[in-house]
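Please examine the sequence and the structure shown below. The paragraphs that follow begin with a single residue and then turn to its surroundings, the chain and one helix.

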Amino acid sequence: MSSQDSETDAAEELPKHGLQGPTPEERPHPEGRRNAQGIRIDPEAEAEHEPRRAVLSALVEDDPGVLSRIAGLVSRRQFNIESLTVGPTTVENHSRITMVVEEPEPGIDQIEKQLGKLKPVIAIGELDDDAVRTELVLLKVEGDDPDKVHAVTEMYDGQTLDAGPRTITVQLTGDEQKIDDAIDAFRQFGIIEIARTGYTALARGDQATVPGEKPGTADEPTQPTNVQ
């Protein structure tokens with residue numbers, strides 16, 4: 001046998017693609033597609049989940065830039081934040097962040113998992129539907145009818161914070177429906193400016209607002225959630 005024939009036989013014994021294993025056409029391909037957040041989701045499973053509103057509460061350490069890190073992580077994954085409030089807790093150097101999002105169930109789950117991995121986040125969880133929720137709104141309206149403005153303010157248990165010859169500023173607190181109704185009632189006077197906080201919330205009764213949260217008098221640190 002000539003050397004040329006030997007080289008031909010050896011070449012025929014090699015895999016067609018140079019490496020052992022299945023061809024690209026033979027390799028398994030994951031089913032489904034990636035959503036806007038880059039998460040692979042089965043289209044059938046994704047279709048079963050309609051967007052819903054969720055109120056998330058997180059305890060965080062008061063590290064510089066913690067709020068921007070949380071907002072940045074959520075925005076990078078293209079989740080929509082409807083509102084976000086932040087304020088101190090009973091524990092020194094800790095803050096509570098209340099975030100309202102509207103996403104399908106897989107998206108809400110991903111938000112909790114991703115935020116739980118951030119170092120400043122001590123614990124995070126979703127509040128139950130019966131949680132105590134409230135928001136605050138400041139309304140500056142035209143002052144042409146002060147008596148009528150005052151009557152509407154009292155109707156919604158509001159408070160007049162400033163009254164001048166041309167404008168009146170009132171403060172209202174309550175759940176979302178009450179605030180929406182009040183804003184509609186004040187439109188008749190002409191709303192000049194509005195500032196609305198969005199929800200802040202706590203769990204009812206003895207239930208912890210976030211997993212592992214201790215009462216302020218317990219003198220015990222909240223344990224991290226360790227979301228995987």
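In this predicted model, Asp-145 counts as partly exposed because its relative accessibility is 37%, and partly exposed denotes the range between the limits of 20% for buried and 50% for exposed. The residue is located in the loop that connects strand 7 (132–142) to helix 5 (146–155). Together with Glu-142, Asp-144 and Asp-147, Asp-145 forms a negative surface patch.

The surrounding architecture may be considered next. The protein chain contains six helices and 11 strands. It comprises 228 residues, of which 32% count as buried. The accessible surface of the protein chain amounts to about 14,400 Å², and carbon and sulfur atoms account for 47% of that surface. With regard to contacts between residues at least 6 apart in sequence, 68% of those in the protein chain join residues at least 24 apart.

Helix 3 offers a view of the packing within the chain. This helix spans residues 66–76, and its buried residues are Val-66, Ile-70, Gly-72, Leu-73 and Val-74. In an α-helix, residues three or four places apart point the same way, because each turn takes 3.6 residues. The buried residues of helix 3 pack against three kinds of neighbour along the sequence: the preceding strand 3 (52–61), the later strands 4 (81–88), 5 (94–103) and 6 (121–126), and helix 4 (105–116). After helix 3 comes Gln-78, which has a positive phi near 65 degrees.

Note on methods:
Residues numbered from 1 in each chain as written. Predicted model: local features only at pLDDT ≥ 70, side-chain atom pairs only at ≥ 80, totals over all residues. Heavy atoms only, no water. Patch = residues over 30% accessible without salt bridge, like charges linked within 9 Å, V, L, I, M, F, W, Y side chains within 5 Å. Areas by Shrake-Rupley, 256 points an atom, 1.4 Å probe, with all protein chains shown as cover. Salt bridge = Lys/Arg side-chain N within 4 Å of Asp/Glu carboxyl O. Lys, Arg positive; Asp, Glu negative; His and termini not counted. Charge placed at Lys NZ, Arg CZ, Asp CG, Glu CD. Helix = DSSP H or I, 4+ residues; strand = E, 2+ residues; numbered from the N terminus. Buried < 20%, exposed > 50% of the residue type's maximum accessible area, 1.4 Å probe, protein only. Contact = heavy atoms within 4.5 Å.
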